[in-house]
Amino acid sequence: MSLKDKVVVITGASSGIGEATAKKLADAGAKVVLGARRMDRLDQLVAQIKQSGGQAVAQATDVTDQEQVKSLVDLAVNEFGRLDVLYNNAGLMPISELHLLKVSEWEKMVDVNIKGVLYGIAAALPVMRKQGGGQIIATDSVAGHVVHPNTAVYAGTKFAVRTIMEGLRQEESQNNIRSMIVSPGAVETELYSTITDEQTKQNTYDSERSIGLKSEDIANAVAYAIDQPDNVSINEILLRPTQQKL
């Protein structure tokens, strides 16, 4: 498997999709470098991976801080000598109707969902260009393809990620740098806990929780994209729960 010994940086690794992906890749022999704000959760995850015979290191990382993102990539290079994959996974989803004017939440989504991805690209590109290749992945969303009430700003950030990653693909393909987004539909993760409007939270969570994908389902998709030969670039995987209509 081409996953073995690949050096993979994952942001938002302390729970949900990031945590599941870290375990999946480490079990397949990848060397994972984990970033998130909750260092206690990262320490537990690293311990679990090592107990299972895997290789992992972690560092507290707030993706809204460009220097912290660069430091996480530097950790990968210093610890393992290279960077094969950067998985920009950190994200927020405090959805609400626009008239509620949750402007501070809009700003947080822009900072994490868009700028966090850009900071990851800025940290990874110089390393990958120098070593002659690599792969950059971002967690997008079905909301990066369709817009629903309550999701205007969140979907806007995810449309932006989709656009940025396509531009990255076009610009860097000649440098053997692959670009991919994974766009899940409803997934049962802590993302719903970021919704502060109680009515929206109740309506969204109750309707989606019963049919939602598991974090491991997304991890499987990411592992599939990484586990391809260098001449194959999986650019997008869009996956929904079977019962999700939109």
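## Two helices side by side: H4 and H5

Helix H4 passes helix H5 in a right-handed crossing. This is a predicted model, and the pairing of these two helices is a good place to start reading it. The axes of H4 and H5 (residues 152–172) come within 9 Å and cross at roughly 15°. With that angle, H4 is roughly parallel to H5.

If you would like to find the contact on screen, look on the H4 side for residues including Trp106, Met109, Val110, Ile114 and Leu118. Their counterparts in H5 include Val153, Tyr154, Val161, Ile164 and Leu168. Further participants are Arg129 in H4 and Glu172 in H5. Sorted by class, the contact of H4 with H5 holds 15 nonpolar, two polar and three charged residues.

## The sheet

Next comes the sheet. Seven strands make up an open sheet, with parallel pairing and the order S3-S2-S1-S4-S5-S6-S7. Strand S3 (55–60) and strand S7 (236–239) are at the edges; each has a single partner strand, so one side of each has no neighbour in the sheet. On average, neighbouring strands are turned by 15° against each other, direction ignored.

Several pairings can be followed residue by residue. S1 and S2 pair in the parallel sense over five bridges, and strand S1 (residues 7–11) also pairs in the parallel sense with strand S4 (residues 85–88), over three bridges. Val9 appears in both pairings: its bridge partner in S2 is Val33, and its bridge partner in S4 is Leu86. On the way to S5, S4 forms a parallel pairing over four bridges, where Val85 stands opposite Gln135.

## Strands covered on both faces

In a regular strand, side chains alternate between the two faces of the sheet. S1 shows what lies on each side: Val7, Val9 and Thr11 are on one face, Val8 and Ile10 are on the other, and all are buried. Five of the five residues of S1 are buried, so this strand is largely enclosed by the rest of the structure.

S4 can be read in a similar way. Val85 and Tyr87 point one way from S4, Leu86 and Asn88 point the other way, and all of them are buried.

## Helices packed on the sheet

Which strands does H4 touch as it packs on the sheet? Helix H4 (residues 103–131) touches S4, strand S5 (134–139) and strand S6 (177–184), and its direction makes about 175° with that of S4. H2, for its part, lies across strand S2 (31–36) and S3, running at about 175° to S3.

Ala124 gives a close-up of H4, the helix in which it is found. Is Ala124 buried or exposed? Ala124 has a relative accessible area of 0%, so it counts as buried. Leaving aside neighbours within four places in sequence, Ala124 is in contact with Leu83, Leu86 and Ile136. Leu86 is a residue you have already met, as the bridge partner of Val9 in S4. For a wider distance check, the C-alpha atoms of Ala124 and Ser233 are separated by 17 Å, with their positions 109 residues apart along the chain.

## H1 and its two helix partners

Helix H1 has contacts with both H2 and H7. The axes of H1 (residues 16–27) and H2 (residues 39–51) come within 10 Å and cross at roughly 20°. That angle makes H1 roughly parallel to H2, and their crossing is right-handed. Glu19, Ala22, Lys23 and Ala26 in H1 meet Arg41, Leu45, Gln48 and Ile49 in H2. These residues divide into four nonpolar, one polar and three charged.

With helix H7 (residues 215–226), the axis of H1 comes within 8 Å and the crossing is at roughly 50°. H1 and H7 are therefore oblique to each other, and the crossing is again right-handed. From H1, the contact uses Gly16, Ile17, Ala20, Thr21, Lys24 and Leu25. They meet H7 residues including Ser215, Glu216, Ile218, Ala219 and Val222. Here the division is eight nonpolar, four polar and two charged residues.

Conventions
Residues are numbered from 1 along each chain as its sequence is written. This is a predicted model: local features need pLDDT of at least 70, side-chain atom pairs count only at pLDDT 80 or more; totals for chains, interfaces and linings use all residues. Side-chain values use heavy atoms; hydrogens and water are left out. Axes are lines fitted to C-alpha atoms, for helices over the stretch in contact, and angles run from 0 to 180 degrees between N-to-C directions. Angles under 35 degrees count as roughly parallel, over 145 as roughly antiparallel, 65 to 115 as roughly perpendicular and the rest as oblique. A crossing is left-handed if the near helix is turned anticlockwise from the far one by less than a right angle, and right-handed if clockwise. Contact means heavy atoms within 4.5 Å. Ala, Val, Leu, Ile, Met, Phe, Trp, Tyr, Cys and Pro count as nonpolar, Asp, Glu, Lys and Arg as charged, and the others, Gly among them, as polar. Two strands pair if DSSP finds at least two bridges between them. Buried means under 20% relative accessible area, exposed over 50%, partly exposed in between (1.4 Å probe, protein chains only).
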